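Please look at the sequence and the model shown here, and keep both in view while reading the report that follows.

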Amino acid sequence: MTVIRIVAAVVVDEHGRLLLVRKRGTTAFMQPGGKFEPGEAPVDALVREVREELGVGVTDVRELGHHTAIAANEPGHSVAADLFFVRLDGVPQAAAEIEEMAWIDPHDLGDVVLAPLTRDIVLDFVRIS
């Protein structure tokens, strides 16, 4: 299985809701973030991806470790993700390849389709924080 190395931002608002995004042409919601540029450090990749996808910067960056999961949008691939809990320095707006963003209650997901990394790892972090 091919591994895709990514960074992902875990963003929770003052109401305890988790920010998720859905990329154009896909069905699964996931954390903002994405692939590294050559030679890019994890926090630099995180800042760049959040700025590209949501039009805002990040503050209060806290590392949540390195995690793996099945890739949501690339069959036969997995993701190796550096997760970071962050706060945003402005109001996020869907940009670049992001078709939709949503704030969800981590305890009441409704019928939202979640990426495996979000479903199996991120929700546990958010529910205990």
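## Two paired strands

Strands β2 and β6 run antiparallel and are joined by six bridges. Within this pairing, Arg22 of β2 has Glu100 as its bridge partner in β6. The model discussed here is a predicted one, and the statements about its strands and side chains should be read with that in mind.

Is β2 mostly covered or mostly open? Six of the six residues of β2 are buried, so that the strand is mostly covered. The cover reaches both faces of the strand: Leu18, Leu20 and Arg22 are buried on one side, while Leu19, Val21 and Lys23 are buried on the other.

## A salt bridge between β2 and β6

Arg22 takes part in a further contact, since its side chain meets that of Glu99 in a salt bridge with a distance of 3.1 Å from N to O. Because Glu99 lies in strand β6 (residues 98–104) and Arg22 in strand β2 (residues 18–23), this pair ties together parts that are 77 residues apart in sequence.

How buried or exposed are the two partners? Arg22 has a relative accessibility of 12% and therefore counts as buried, the cut-off for that class being under 20%. Glu99, with a relative accessible area of 44%, is partly exposed.

## A salt bridge between β4 and β5

Another salt bridge is formed by Arg87 and Asp60, whose closest N and O atoms are 3.9 Å apart. Since Arg87 belongs to strand β5 (residues 77–88) and Asp60 to strand β4 (residues 58–70), the pair ties together parts that are 27 residues apart in sequence.

As for their surroundings, Arg87 counts as partly exposed at 40% relative accessibility, whereas Asp60 is exposed, with a relative accessible area of 54%.

## Other salt bridges

A search of the whole structure finds 13 salt bridges. One of them joins Arg119 to Asp120, and the closest N and O atoms of this pair are 2.8 Å apart. Both residues count as partly exposed, Arg119 at 45% relative accessibility and Asp120 at 41%.

Which residues are linked in a network of salt bridges? The network is made up of Glu37, Glu40, Arg48, Glu49 and Glu52.

Definitions and conventions
Residues numbered from 1 in each chain as written. Predicted model: local features only at pLDDT ≥ 70, side-chain atom pairs only at ≥ 80, totals over all residues. Heavy atoms only, no water. Salt bridge = Lys/Arg side-chain N within 4 Å of Asp/Glu carboxyl O. Helix = DSSP H or I, 4+ residues; strand = E, 2+ residues; numbered from the N terminus. Buried < 20%, exposed > 50% of the residue type's maximum accessible area, 1.4 Å probe, protein only. Pairing = 2+ DSSP bridges.
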